[in-house]
Amino acid sequence: MSEAEQRPTILEVQDLVVRYGSQTAVDGLSFSILRGEIFGLLGPNGAGKTTTLSVIEGLRKPDAGHAAVDGVETVHAPLAVKAKLGVQLQASSFQSELTIEQIARLYAGLYGLDLPRRQLRERLADVGLEQELAKPFKKLSGGQQQRFSLMVASIHNPPILLLDEPTAGLDPQSRRQLWDRIERSRQAGGSILLTTHSMEEAQSVCDRVAIIDHGRLQALGAPKDLVAMHRDDPRVRAVARGDVTLEDVFIGLTGSAIRD
Ligand SMILES: Nc1ncnc2c1ncn2[C@@H]1O[C@H](COP(=O)(O)OP(=O)(O)OP(=O)(O)O)[C@@H](O)[C@H]1O
Ligand SMILES: [Mg+2]
């Protein structure tokens, strides 16, 4: 048994089904994440990634199946689950007139944390924003907003962070900085579930990825293992432009058609 297999599970999603009216957005999805693991949920637009996250976050009740964070069922104990999760909020969801100090204090307060000014400065310094304490959120650049929302998501040191497309719209510098922060979080033993459309990102930061389509699991494993496993699949061969990459596997398994 490898080291990874002996680590306890931090997140479990089992036989999850979520319907919106007659449409099935998540269709029997199962995967689990080990403590300390960086896990990527990959899939074309509309594959069911955000819907899956919303069940884990306790925002939506599944029609069947279940999700548990650190052994706690999301439907049975939503508050206990929220305390164990860090959720990166969409940048636009912050009240933009408030300064970043005010927002950080607001969220620390929601988690019942006392956040002395010195600690707040340290947290902000950690994401390179110590000079911006008094700035309204809306005056930050896109990359600064992203870094700040990540800092707020992890303000209560949760054992697992959920990041929905954390690097969308970031420049290469900010993207690399975020990858470095993800790496540091891994070294500190934290787990991360992230979604991304960047196969380069998945390959760089994720220990394992799940490729989903139409709410169903298509492939699961370490990026390099998926490439090795599917390199001779005719659907993958047909789209490869040289050495088979994770992107070729992704497109081979999920098809070339553009989604709505
Ligand atoms: N609130 C909703 N009401 C009705 N249908 C929804 C709702 N949210 C999502 N859907 C539908 O469910 C499916 C899955 O959507 P979801 O947002 O989970 O996909 P996604 O994988 O996150 O896609 P993207 O990569 O574009 O963010 C899509 O077909 C979408 O149109
Ligand atoms: Mg989404």
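How many bridges join strand 1 (residues 9-20) to strand 2, and in which sense do the two run? Nine bridges do the joining, and the pair runs antiparallel. This is a predicted model, where local features need pLDDT of at least 70, side-chain atom pairs count only at pLDDT 80 or more, and totals for chains, interfaces and linings use all residues. Residues are numbered from 1 along each chain as its sequence is written, and side-chain values use heavy atoms, with hydrogens and water left out.

**The four-strand sheet**
- Strands here are DSSP runs of E with at least two residues, helices are runs of H or I with at least four, and both are numbered from the N terminus.
- Four strands line up as 2-1-4-5 in an open, antiparallel sheet; two strands count as paired if DSSP finds at least two bridges between them.
- Strand 2 (23-34) and strand 5 (72-73) sit at the edges with a single partner strand each, so one side of each has no neighbour in the sheet.
- Within the pairing of strands 1 and 2, Glu12 stands opposite Ser32 in strand 2.

**The six-strand sheet**
- The other open sheet to look at has six strands in the order 6-7-8-3-9-10, and its pairing is mixed.
- Its edge strands are strand 6 (85-87) and strand 10 (216-221), each pairing on one side only.
- Neighbouring strands of this sheet are turned by 15 degrees against each other on average, direction ignored; axes are lines fitted to C-alpha atoms (for helices, over the stretch in contact), with angles from 0 to 180 degrees between N-to-C directions.
- Strand 3 (residues 38-42) pairs with strand 8 (residues 191-195) in the parallel sense over four bridges, and Gly40 stands opposite Leu194 in strand 8.
- Helix 11 (residues 246-254) packs on this sheet, touching strand 3, strand 9 (208-213) and strand 10, at about 30 degrees to the direction of strand 9.

**Two domains and their interface**
- The protein splits into domain 1 (3-221) and domain 2 (232-260), with bounds from an automatic or database domain assignment.
- In contact (heavy atoms within 4.5 Å) are 13 residues of domain 1 and eight residues of domain 2.
- About 950 Å² is buried between the domains, 73% of it from carbon and sulfur atoms; buried area is the accessible area (1.4 Å probe) that two parts lose on being put together, summed over both.
- On the domain 1 side, Pro44, Met199 and Ile211 lose the most area to domain 2, together 48% of what that side buries.
- The rule finds zero salt bridges across this interface, counting a side-chain nitrogen of Lys or Arg within 4 Å of a carboxyl oxygen of Asp or Glu.

Methods: Chains lettered and ligands numbered in written order.
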